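Colleague: I am new to this structure and would like a close look at a single part of it. Please start at one loop and follow what leads on from there.

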Amino acid sequence: MSDRFSRQIPFLTQDGHDKISSIKLAIVGAGGLGSHVFQQLSYLGARNLTPIDHDRADASSLNRMVTATAADIGEYKVDILKRFALSLDPSTSINVIRRDVRSPEGMAALAAADRIIGCVDDDGIRYFLTLFAAAYRKPYLDLATELGEGQRSFGGRVFYMIPGTGCLLCHGLLDGAEVARAYEGDGDRQFRKSVYGQPVEALLGSGPSVVSINGMIASLGVTELMCEIANIKAVDGTAHRSYLGTFGTVVRPAYGPRQDCRICVKVLGRPEEARLEALIVEPQRA
C-alpha cells in the first residue's frame, strides 16, 4: 500500500495529501451525488469520513449510487458507503449516521466535522445546513444537479460557502417557498393537503437523476474542496460554479451576496441566533 498515492502526491504535495488524510469530513446525503463524492474522497485518501443519511437503497438507486450493487437493496446507504471505504483501506475511520441530519445525532456529527458537504435534494435541508455552517463558522460545500423538463436544460452547480463571504440564501440559491413547506406545522400541512389534494411530501419529491451528471457535479465539488484543503489555491470569496450541460460549459456567476442577509449578519458565529433546535425533525434515539 506504500505506493497507493504515488501518482497524486507530486500534485498535492505530501503536506497537502496529509491534510486531506487527516481532515474530518461530514457528507450529508448518500445517494447519487453523495456516493460519487464519498467515492472520490476515499480514492483521494480521506480517512475521517462521516456519511449522514436515513434512507435505504432500493432498486432505483442502482442507476446512480456508484458504490451499490443489487445485493445492497434494502441496506442503509451509509452502510454501503462504509463498506466501500473499508474495502480500499480497512483502517479508515467511518462514522455512519443512519438518521436525518436534522436530528441530535446529525447535528453532533456536523459539529465534530472540519468541513460539511451537502448532497441533498431539497432546499429545506440546504437551509438547515446553511444556518448550521454560518452559526458554527464551518466551511460548507453544497452540490446540486438540475435537470429541466423535457431535456431542454440540464446541469448543476457547486457552491463553496466560506462563512463570512456570503451564503446560499443571500446568493439567491434557496427557494423560500420550498423551505417554508419543509418546516410548516401540522395545521399548515393539513390545510395544504385539503387545498391541493396531496401531501406536502409529494410536492417535495426528488426529481430525475442521471449518473454522469451527478459525477460531473461531484468532480467539480471535490476538486474545489481538494484544492482548498491542500492549499493548491485559495477559495476566491465564495466559490460558485455552474455547469450548463446544454452548452457544455462551466461558468462562474457574476452576482454577489446581499449586504442585508440575516444569516451572514446576525447568525454568523452565533448558534443561539440560528435556533437550530426548532428545525429538528427526529427525536433522539433511546
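Modeller: In this predicted model, Arg137 sits in the loop between helix 5 (123-135) and strand 5. The phi angle of Arg137 is near 50°, which is a positive value in a residue other than glycine. Another residue with a positive phi is Arg275, near 55°, and Arg275 is not glycine either. Arg275 lies in the segment after helix 11 (271-274). Arg275 counts as exposed because its relative accessibility is 54%, and the limit for that word is over 50%.

The loop of Arg137 leads to strand 5. One residue to look at there is Asp142, which forms a salt bridge with Arg157; their closest N and O atoms are 2.6 Å apart. Asp142 is in strand 5 and Arg157 is in strand 6, so the pair links distant parts of the chain, 15 residues apart. Both Asp142 and Arg157 are buried. The pair also belongs to a network of salt bridges that links Asp123, Arg126, Asp142 and Arg157.

The general point is simple: side chains of opposite charge can pair when their charged atoms come close. The count of salt bridges in this model comes to twelve. In one of them, the side chains of Asp79 and Arg98 meet at 3.0 Å, N to O. This pair too links distant parts of the chain, with Asp79 in helix 3 and Arg98 in the loop between strand 3 (93-94) and helix 4 (104-112), 19 residues apart. Asp79 is partly exposed at 22% relative accessibility, and Arg98 is partly exposed at 31%. A further salt bridge joins Glu105 and Arg99, whose closest N and O atoms are 3.9 Å apart. Glu105 and Arg99 are both buried.

Next comes the nonpolar packing. The largest nonpolar core has 40 residues, and Leu25 and Leu41 touch the most other members. Strand 5 (140-147) and strand 6 (154-161) each supply at least two residues of this core, as do helix 1, strand 1 (25-28), helix 2, helix 3 (77-88), helix 9 and strand 7 (239-244). Helix 9 gives the largest share, seven residues. Leaving aside neighbours within four places in sequence, the contacts of Leu25 include Leu41, Ala46, Leu49, Ala113, Leu225 and Ile229. Leu25 is also in contact with Asn48, Thr50 and Arg115. A second core, separate from this one, has 35 residues, among them Leu110, Val120, Ile125 and Tyr127.

Helix 1 needs a separate look. A straight helix of 14 residues would span 20 Å at 1.5 Å a residue, but helix 1 (residues 9-22) spans only 15 Å between its end C-alpha atoms. Helix 1 also bends by about 70° at Asp15. Its buried residues are Leu12, Gly16, His17, Ile20 and Ser21. The elements that cover these buried residues include helix 2 (32-44), strand 2 (48-52) and helix 9 (211-229).

The loop between helix 9 and strand 7 holds Asn231. Asn231 is exposed, with a relative accessible area of 53%. Asn231 and Lys19 are 212 residues apart along the chain, yet their C-alpha atoms are separated by 9.3 Å.

The cysteines come next. A disulfide is a covalent bond between the sulfur atoms of two cysteines. This structure holds zero disulfides. For Cys167, the closest cysteine sulfur is that of Cys261, 3.6 Å away, which is too far for a bond because the sulfur atoms would have to be within 2.5 Å. Cys170 is in no disulfide either; its nearest cysteine sulfur, in Cys264, is 3.8 Å away. Cys167 is buried, with a relative accessible area of 0%, and Cys170 is buried at 4%.

Last, the chain as a whole. Its secondary structure comes to eleven helices and eight strands. Of its 286 residues, 49% are buried. Among contacts between residues at least 6 apart in sequence, 67% join residues at least 24 apart.

Methods
Residues numbered from 1 in each chain as written. Predicted model: local features only at pLDDT ≥ 70, side-chain atom pairs only at ≥ 80, totals over all residues. Heavy atoms only, no water. Buried < 20%, exposed > 50% of the residue type's maximum accessible area, 1.4 Å probe, protein only. Helix = DSSP H or I, 4+ residues; strand = E, 2+ residues; numbered from the N terminus. Expected span 1.5 Å × (residues − 1). Bend = angle between axes of the 7 residues up to and from the residue. Contact = heavy atoms within 4.5 Å. Core = buried A, V, L, I, M, F, W, Y, C linked by side-chain atoms within 4.5 Å. Salt bridge = Lys/Arg side-chain N within 4 Å of Asp/Glu carboxyl O.
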